[in-house]
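Colleague: Hello, I am new to this one. Could you walk me through it, one question at a time?

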Amino acid sequence: MILSLASIHVYPVKSLGGFAVQEATLTDRGLEHDRRWMLVDNNGRFISQREVPSMACLHTSTMASGFRVTDVRDGATIDLPWSLADGEFRHASVWDDMVQVIEGPSRHALWFGERIGVPCALVYMPDQTKRATDPDYAAAFTSLSDAFPYLIISQASLLDLNERIGSTQRVPMDRFRPNLVIAGGTPFQEDDWRRISIGTSHFDLVKPCARCVITTTEQYTGQRGKEPLRTLANFRKRGGQGSSRVDFGMNAIGTTGGTVRVGDAVQPIN
């Protein structure tokens with residue numbers, strides 16, 4: 001069985017669209033530049049597509065010294081740096097975690113607020129902020145992701161899911177927001193992996209990823225439907241009778257540094 005790294009995806013702003021790269025550096029909290037920015041409400045709580053589906057329409061792309069956010073509905077853009085060194089320190093919350101962040105310029109916050117229709121601030125996680133993963137699963141750090149630094153999905157898993165859904169409502173991989181997509185092998189093989197190598201780097205797969213309403217959100221319009229959650233509920237439900245949790249993909253941590261590249265060999269180490 002030949003497995004390889006099919007694609008690498010970076011999401012510089014939490015819950016906005018990401019972009020694909022041919023290679024990426026592994027940091028102490030995930031892929032370089034991945035989810036170091038986020039939008040927060042007036043209480044400092046993170047804002048996501050769960051509550052504000054229009055965030056799906058804000059896509060990112062790389063530039064020489066940072067990245068560009070484009071509203072695909074009308075082409076409006078704003079440019080941001082990869083990092084922010086100056087600004088007011090404040091606290092923001094991601095689920096139950098309180099993290100220290102730097103608040104970005106108010107003009108940027110106004111642009112995002114107008115685009116998503118919600119008053120907000122734009123904040124950045126500096127290097128000195130360390131956010132730990134859930135110790136019940138892993139002793140590691142993560143960025144402003146939901147819980148873990150990496151999400152790994154096999155192309156074969158998506159193919160299997162779409163065959164079950166049917167041709168009229170197939171969903172693309174961007175609905176699931178993976179960081180690392182694996183080519184080759186069998187559907188849902190990642191469920192059984194505990195450790196893998198990608199090139200010369202190693203990852204521990206620590207927890208299935210429970211999926212939410214974001215997966216039903218079309219990433220160019222913000223419109224929502226019933227798939228893929230309806231189909232996933234038929235064969236990927238976790239927790240027994242009455243549970244609404246469905247899994248797709250595996251959360252992971254990196255155990256080495258280095259660089260991963262599209263085409264790298266992938267090898268399970270169980």
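Here is a short conversation about the overall build, the salt bridges and a helix.

Colleague: Before we start, what kind of model is this, and how many helices and strands are in the protein chain?

Modeller: Welcome! This is a predicted model. As for its elements, the protein chain holds 21 strands, and the number of helices is 3.

Colleague: How does the radius of gyration of the protein chain relate to the globule rule?

Modeller: For 270 residues the globule rule gives 18 Å, so a chain close to that value is as compact as a globular protein of that length. The C-alpha atoms fill a box of roughly 50 × 40 × 35 Å along the principal axes. The radius of gyration of this chain is indeed close to the rule, at 18 Å.

Colleague: What share of the residues counts as buried, and what share of the accessible surface belongs to carbon and sulfur atoms?

Modeller: Buried here means under 20% relative accessible area, and 53% of the 270 residues count as buried. The accessible surface comes to about 12000 Å². The part of that surface belonging to carbon and sulfur atoms is 48%.

Colleague: Among contacts between residues at least 6 apart in sequence, what percentage joins residues at least 24 apart?

Modeller: Take the contacts in the protein chain whose residues lie at least 6 apart in sequence. Those that join residues at least 24 apart make up 67%.

Colleague: Let's turn to charges. How far apart are the mean positions of the positive and negative charges?

Modeller: The chain has 29 positive and 30 negative charges. Some of these side chains pair up, and the count comes to 19 salt bridges. Taken over the whole protein chain, the mean positions of the two kinds of charge are separated by 4 Å.

Colleague: Which residue forms a salt bridge with D146, and is that partner buried or exposed?

Modeller: The closest N and O atoms of the D146 pair are 2.7 Å apart, and the partner is K14. The pair links distant parts of the chain, 132 residues apart: D146 sits in the loop between β13 and β14, K14 in the loop between β1 and β2. D146 has 29% relative accessibility and counts as partly exposed. With a relative accessible area of 5%, under the 20% cut-off, K14 is buried.

Colleague: Which residues are linked in a network with R73?

Modeller: One salt bridge joins R73 to D71, with closest N and O atoms 2.8 Å apart. R73 is partly exposed at 42%, whereas D71 is buried at 1%. In the network of salt bridges, R73 is linked with D71, D74 and R115.

Colleague: Where is R230 placed, and which residue forms a salt bridge with R230?

Modeller: R230 lies in helix α3, residues 229-235, and is partly exposed with a relative accessible area of 41%. Along the chain V246 is 16 residues away, and the C-alpha atoms of R230 and V246 are separated by 9.7 Å. The salt-bridge partner of R230 has 8% relative accessibility and so counts as buried. With closest N and O atoms 3.2 Å from each other, that partner is E227.

Colleague: Last one: what covers the buried residues of α2, and which residue just after α2 takes a positive phi?

Modeller: Helix α2 spans residues 155-165, and its buried residues include A156, L158, L161 and I165. Their cover includes β14, α3 and β19. Just after α2, a positive phi of about 105 degrees is taken by G166.

How values were computed:
Residues are numbered from 1 along each chain as its sequence is written. This is a predicted model: local features need pLDDT of at least 70, side-chain atom pairs count only at pLDDT 80 or more; totals for chains, interfaces and linings use all residues. Side-chain values use heavy atoms; hydrogens and water are left out. A salt bridge is a side-chain nitrogen of Lys or Arg within 4 Å of a carboxyl oxygen of Asp or Glu. Helices (H or I, at least four residues) and strands (E, at least two) are DSSP runs, numbered from the N terminus. Buried means under 20% relative accessible area, exposed over 50%, partly exposed in between (1.4 Å probe, protein chains only). The radius of gyration is taken over C-alpha atoms; the globule rule is 2.2 Å times the number of residues to the power 0.38. Contact means heavy atoms within 4.5 Å. Accessible areas come from the Shrake-Rupley method with a 1.4 Å probe; for residues, only the protein chains shown count as cover. Lys and Arg count as positive and Asp and Glu as negative; His and the chain ends are not counted. The place of a charge is taken as NZ of Lys, CZ of Arg, CG of Asp or CD of Glu.
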